[in-house]
Amino acid sequence: MKHRPHLALAAVALSLLAACGKKSAEEAAPAVAEKTSLVVYTAFEPEQLPAFKQAFEAANPNIGIDWVRDSTGVITARLLAEKDNPRADAVWGLAASSLLLLDNYKLLEAYAPQGVEKLDPRFVDSHTPPLWTAADAYEAAICVNTEELKKKNLPMPASWADLTKPVYKGYVVMPNPNSSGTGFLAVAGWLQMMGEDKAWEYMNALDANIARYTHSGSKPCKEVATGEVPVGISLGYTGVKQKAKGAPVEIVFASEGLGWDMEAQAIIAGTKKPEAVRKLMDFAVSETANKLYNQAYPMIGIPALAQPVSGYPADIASKYAKNDFAWVAGNRERVLAEWQKRYSSKTEPKT
């Protein structure tokens, strides 16, 4: 058979054309956007996280949330410990008083989210642009197991003062304020309502009746719901949820007033994902997010969207004590050290 160089050259040419055509097609095809993952530190209750994540990622399909969740005190301490090498991109669902503390270390990046003008002014930091915005307000309350009260012939408490009566000795559980935001806002509330001297006297008397201090703000009310203890100082939200599940729980919003705080969000300074994290801040103040907050709390960032929440009194906001967040942040370390020195011996072991 004779050699046919023109056929060989044609084959090579076709091969080159095919390769070039393939390359051109690849170049013409749209690139698949790589998903950005945000590390978000939070103290939201665990059962709330899936709905928040799902709603945000549905609105922002190219951005994902990787939660790091713990109690408020633990998350705050972690952020402070990491201040020289931050690992979080954002916080979403951390006490506003904690964010004021973080600002003392210049750990927050200012940003005015889209829609911030719809928020209650109390839910927006005073800087321009703001360093943080807030989602909702939450409070310390007293959870009571009505069946256990009957069994032990205990009266129904109506106030913080009632919990110091000798009849409750060994029957009260409370969160340690060093690890729990609920515990800290209760203590900060007493200090502001009563004045420091009377508040420490009150806590001395209360400590005499405390069975133990927990590390979780919701745990005392959960233990009340199961009958492990008859009375718990806890998160009002947890009491409402336990009662809705059918537990024999009553929530007492103490007559003297309630310590409270706001669950807030902010950008951690130095994040390498600024565009994505701003999308998160935009979503956190959106109507969609506020409707999710309102499933748990009656007082939310956008007042126009707020609907009553079963289990809360209609006038819950009027029961909130005067709260100077700057004072709370500025005195946090001192107050926690004093509390730890006085009462920590009754704290349960960490698990």
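Buried, in these legends, means under 20% relative accessible area. The model is predicted.

**View 1. The whole chain, with 12 helices and 10 strands.** Start with the overall picture before zooming in. The C-alpha atoms fill a box of roughly 115 × 45 × 40 Å along the principal axes. The radius of gyration is 27 Å, while a compact globule of 351 residues would have one near 20 Å. Even so, buried residues make up 53% of the 351. Take the contacts with a separation of 6 or more: 74% of them are between residues 24 or more positions apart. On the outside, the accessible surface is about 16,600 Å², and carbon and sulfur atoms account for 54% of that. As for charge, there are 38 positive and 39 negative side chains, and the centres of these two sets lie 5 Å apart.

**View 2. Phe 56 meets Phe 283, one of 17 aromatic pairs in the structure.** The two rings sit edge-to-face, 5.6 Å centre to centre, with 70° between their planes. This pair ties together distant parts of the chain: Phe 56 comes from helix H2 (residues 49-59) and Phe 283 from helix H10 (residues 274-284), 227 residues apart. Both Phe 56 and Phe 283 are buried.

**View 3. Tyr 237 and Tyr 297, a tilted ring pair.** Here the ring centres are 5.2 Å apart and the planes meet at 35°, so the pair counts as tilted. The cut-offs behind that are under 30 degrees for stacked and over 60 for edge-to-face, with the rest called tilted. Tyr 237 sits in helix H9 (residues 236-244), and Tyr 297 in the loop between helix H11 (287-293) and helix H12 (325-343), 60 residues away along the chain. Both tyrosines, Tyr 237 and Tyr 297, are buried.

**View 4. Helix H2 and the aromatic cluster that takes in Phe 52 and Phe 56.** Ring pairs join Phe 52 and Phe 56 with Phe 44, Trp 67, Trp 92, Phe 283 and Tyr 293. Phe 52 and Phe 56 also turn up among the buried residues of H2, along with Leu 49, Ala 55 and Glu 57. What do the buried residues of H2 pack against? Their partners are strand S1 (36-42), strand S2 (63-69), strand S3 (90-95), H10 and H11.

**View 5. The buried residues of helix H9 and their surroundings.** Gly 236, Tyr 237, Thr 238, Gly 239, Val 240 and Gln 242 make up the buried set. These residues pack against strand S5 (133-145), helix H8 (219-226), strand S8 (231-235) and strand S9 (249-252). Follow the chain just past H9 and you reach Gly 246, with a positive phi of about 105°.

**View 6. Thr 128 and Pro 129, joined by a cis peptide bond.** Omega for this bond is about -5°. Look for Pro 129 in the loop between strand S4 (108-109) and S5.

**View 7. Lys 106 and Asn 153, non-glycine residues with positive phi.** Lys 106 has a phi of about 55°, and Asn 153 comes out at about 55° too. Lys 106 is in the loop between helix H4 (96-104) and S4. For Asn 153, go to the loop between helix H5 (146-151) and strand S6 (172-175). Are these residues buried or exposed? Lys 106 has 65% relative accessibility and so counts as exposed. Asn 153 is exposed as well, with a relative accessible area of 68%.

Terms used:
Residues numbered from 1 in each chain as written. Predicted model: local features only at pLDDT ≥ 70, side-chain atom pairs only at ≥ 80, totals over all residues. Heavy atoms only, no water. Helix = DSSP H or I, 4+ residues; strand = E, 2+ residues; numbered from the N terminus. Rg over C-alpha atoms; globule rule 2.2 N^0.38 Å. Buried < 20%, exposed > 50% of the residue type's maximum accessible area, 1.4 Å probe, protein only. Contact = heavy atoms within 4.5 Å. Areas by Shrake-Rupley, 256 points an atom, 1.4 Å probe, with all protein chains shown as cover. Lys, Arg positive; Asp, Glu negative; His and termini not counted. Charge placed at Lys NZ, Arg CZ, Asp CG, Glu CD. Phe/Tyr/Trp six-rings, centres within 6.5 Å; stacked < 30°, edge-to-face > 60°.
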